[in-house]
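Hi,

Here is the structure I said I would pass on. Have a look at it first, and then read my notes underneath.

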Amino acid sequence: GYSCRRPGVGYVQGMSHVAAMLLLNMGPEEAFVCMVNLLDRWHFQDFFMVSMPRVERYAHAVNTMLARHLPKVWGHLRGLG
């Protein structure tokens, strides 16, 4: 699987959700190629790394954009904790 292709990423539980959606819409070989392309080309592998520094930067960027462009949504989410 993907974890053999990219040992630095390994397997993370959230990958199964992505793989399941792909497998519902295509065969296993196509799903694997699609998964590899998603993770390798669109920086999604950052979300599956054990180390979280990039995920924290993405979260900060989303938080900043929400506060700036959708302050009511940002305030509601912030109130939820």
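One definition before the rest: the expected span of a helix is 1.5 Å times one less than its number of residues. Keep that in mind for α3, which I come to below. Also, please remember that this is a predicted model.

First, the overall picture. The protein has 5 helices and 0 strands, so to speak an α-α-α-α-α run when read from the N terminus. Of its 81 residues, 16% are buried. The accessible surface comes to about 6300 Å², and carbon and sulfur atoms account for 65% of that. As for contacts between residues at least 6 apart in sequence, 41% of them join residues at least 24 apart.

How far does the predictor trust this? Mean pLDDT for the protein is 83, with 81% of residues at 70 or more. Confidence is lowest in α1, where the mean is 71, and highest in helix α5 (residues 71–80), where it is 94.

Now the core. Which residues make up the largest nonpolar core? There are 5 of them: Met15, Leu22, Ala31, Met35 and Leu39. Both α2 (15–25) and α3 (28–41) supply at least two residues each, and α3 gives the most, with 3. As a general point, nonpolar side chains in soluble globular proteins tend to be buried together. If you want one residue to click on, try leucine 22: leaving aside neighbours within four places in sequence, leucine 22 is in contact with Ala31, Cys34, Met35 and Leu38.

Back to α3, as promised. This helix has 14 residues and reaches 20 Å from its first C-alpha to its last, close to the 20 Å expected at 1.5 Å a residue. Its buried residues are Ala31, Met35, Val36 and Leu39. Looking down the axis of α3, the buried residues fall within an arc of 135 degrees, so they line one face of the helix. On the other side of α3 you will find Glu29, Glu30 and Arg41, which are exposed.

Two more spots, one towards each end of the chain:

- Glycine 1 sits in the segment before α1 (2–5). Its relative accessibility is 67%, so glycine 1 counts as exposed. Glycine 1 and phenylalanine 32 are 31 residues apart in sequence, yet their C-alpha atoms are 7.8 Å apart in space.
- Leucine 77 belongs to helix α5. Is leucine 77 buried or partly exposed? At 42% relative accessibility, leucine 77 counts as partly exposed, because that value lies between the 20% and 50% cut-offs. Asparagine 63 is 14 residues away along the chain, and the C-alpha atoms of leucine 77 and asparagine 63 are separated by 9.7 Å.

That is what I have for now. Over to you!

Cheers

Technical notes: Residues are numbered from 1 along each chain as its sequence is written. This is a predicted model: local features need pLDDT of at least 70, side-chain atom pairs count only at pLDDT 80 or more; totals for chains, interfaces and linings use all residues. Side-chain values use heavy atoms; hydrogens and water are left out. A nonpolar core is a set of buried Ala, Val, Leu, Ile, Met, Phe, Trp, Tyr and Cys residues joined through side-chain atoms within 4.5 Å. Buried means under 20% relative accessible area, exposed over 50%, partly exposed in between (1.4 Å probe, protein chains only). Helices (H or I, at least four residues) and strands (E, at least two) are DSSP runs, numbered from the N terminus. Contact means heavy atoms within 4.5 Å. The arc is that of the directions from the helix axis to the C-beta atoms. Accessible areas come from the Shrake-Rupley method with a 1.4 Å probe; for residues, only the protein chains shown count as cover. pLDDT is the predictor's confidence in each residue, from 0 to 100.
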